[in-house]
Amino acid sequence: MAVPVARATLPLAAVAGLFLHVLPAAAGGYGCATAECYRHVTTPPVYGTVAEQVMVRPGRTINRVVPPVYDTVTEQVLVAPAARVWQTSYDAYGQLVGCWVTTPARYATRTRRVLVRPPELVPEVIPPAYATYQRKVLVEPARSGWVPAGGDGGYARGYPGTFASPVGAGLGLGLSAAGFGGSSSDGY
């Protein structure tokens, strides 16, 4: 009776060994072959800082008014010119006497304001004002995808630049049929 038990144990041990060999592969353990196991990897987004020169105030031209310049001038003005007139008069004896009389010129001092320089419009150019602003930009977006789980810690071919597609890699677990086959065109 011991012989039939030994025969039943051998097929049961073979099935159990096969099951124990597949179990770590299904769980993502290290016991799977590179072509059959994949690991889901997510990378955070990478941000950088960009400095930009931004015009704060545009350039413009302003017309400045330069006021006129006046001065006060004092001058001698001829009021009456010199003249020579014939005058007649009676002397002490009652006789009519005539003679030429010269009258000197008469001058007066006059003060007045004169325009030295007229008003002017002088254009003044004000250059534009710039400021440097720093802003945060996305350098590399966040990524998520399936990569082969090889002996290199799960970062096998295709990571981190683009994720390798496991479709056609001989998957025995059916990951691509279940929606786990990742590529950069999957939106991850």
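# Notebook: strands, pairs and bridges

I opened with arginine 112, which is partly exposed at a relative accessible area of 38%. The model is a predicted one, and I read every value below with that in mind.

**Entry 1. The arginine 112 bridge.** I looked for a partner of the arginine 112 side chain and found glutamate 75, in a salt bridge of 3.0 Å, N to O. The two sit in distant parts of the chain, 37 residues apart: arginine 112 in strand E7 (residues 106–117) and glutamate 75 in strand E4 (residues 69–80). I checked the cover on glutamate 75 as well. Its relative accessible area is 25%, so I put glutamate 75 down as partly exposed. The bridge does not stand alone: Glu75, Arg110 and Arg112 are joined into one network by salt bridges that share partners.

**Entry 2. Other salt bridges.** How many salt bridges does the structure hold? I count six. I noted the general point that side chains of opposite charge can pair when their charged atoms come close.

Next I went to glutamate 124. Glutamate 124 forms a salt bridge with arginine 64, and the closest N and O atoms are 2.6 Å apart. Glutamate 124 lies in strand E8 and arginine 64 in strand E3 (residues 60–66), so this pair ties together parts that are 60 residues apart in sequence. I looked up accessibility for both partners. Glutamate 124 has 34% relative accessibility and counts as partly exposed. Arginine 64 is partly exposed too, with a relative accessible area of 43%.

I also recorded the bridge between glutamate 140 and arginine 143, where the closest N and O atoms are 3.4 Å apart. Glutamate 140 is partly exposed at 30% relative accessibility.

**Entry 3. Leucine 121, beside arginine 64.** I stayed with strand E8 (residues 120–126), where leucine 121 has its place. Is leucine 121 buried or exposed? It is exposed, with a relative accessible area of 58%. Leaving out residues up to four places away in sequence, I find leucine 121 touching Asn63, Arg64 and Val65. From leucine 121 to arginine 64 the C-alpha distance is 5.6 Å, across 57 residues of sequence. Arginine 64 thus appears twice in my notes: in the salt bridge with glutamate 124, and among the residues that leucine 121 touches.

**Entry 4. Histidine 40 and serine 144.** I moved to strand E1 (residues 38–43), which contains histidine 40. Histidine 40 counts as partly exposed, at 37% relative accessibility. What does histidine 40 contact, leaving aside neighbours within four places in sequence? I find Ser144, Gly145 and Trp146. I also took the C-alpha separation of histidine 40 and alanine 149: 8.9 Å, with their positions 109 residues apart along the chain.

Then I turned to serine 144 itself, in strand E10 (residues 143–148). Serine 144 has a relative accessible area of 13%; residues under 20% are classed as buried, so serine 144 is buried. Its side chain makes a polar contact of 2.8 Å with the side chain of histidine 40. A further polar contact, of 3.5 Å, joins the side chains of serine 144 and threonine 42.

**Entry 5. Aromatics.** I searched the whole structure for aromatic pairs and got one. The pair is tryptophan 86 with tryptophan 100, edge-to-face, at 5.3 Å centre to centre and 70° between the planes. Tryptophan 86 lies in strand E5 (residues 83–90) and tryptophan 100 in strand E6 (residues 96–103), so the pair ties together parts that are 14 residues apart in sequence. Tryptophan 86 is partly exposed, at 49% relative accessibility.

**Entry 6. A nonpolar patch.** On the surface I noted a nonpolar patch of about 270 Å², made by Val54, Val56 and Tyr133. Valine 54 belongs to strand E2 (residues 46–57). Its relative accessible area is 32%, which I log as partly exposed.

**Entry 7. The whole protein.** I closed with the totals. I find one helix and 10 strands. Read from the N terminus, the order is α-β-β-β-β-β-β-β-β-β-β. Of the 188 residues, 14% are buried. I took the exposed area as about 14100 Å², with carbon and sulfur atoms supplying 60% of it. Among contacts with a separation of 6 or more, 74% come from residues 24 or more positions apart.

Methods: Residues numbered from 1 in each chain as written. Predicted model: local features only at pLDDT ≥ 70, side-chain atom pairs only at ≥ 80, totals over all residues. Heavy atoms only, no water. Patch = residues over 30% accessible without salt bridge, like charges linked within 9 Å, V, L, I, M, F, W, Y side chains within 5 Å. Areas by Shrake-Rupley, 256 points an atom, 1.4 Å probe, with all protein chains shown as cover. Salt bridge = Lys/Arg side-chain N within 4 Å of Asp/Glu carboxyl O. Helix = DSSP H or I, 4+ residues; strand = E, 2+ residues; numbered from the N terminus. Buried < 20%, exposed > 50% of the residue type's maximum accessible area, 1.4 Å probe, protein only. Polar contact = N/O pair within 3.5 Å; in protein donor to acceptor, adjacent residues only side chain to side chain. Contact = heavy atoms within 4.5 Å. Phe/Tyr/Trp six-rings, centres within 6.5 Å; stacked < 30°, edge-to-face > 60°.
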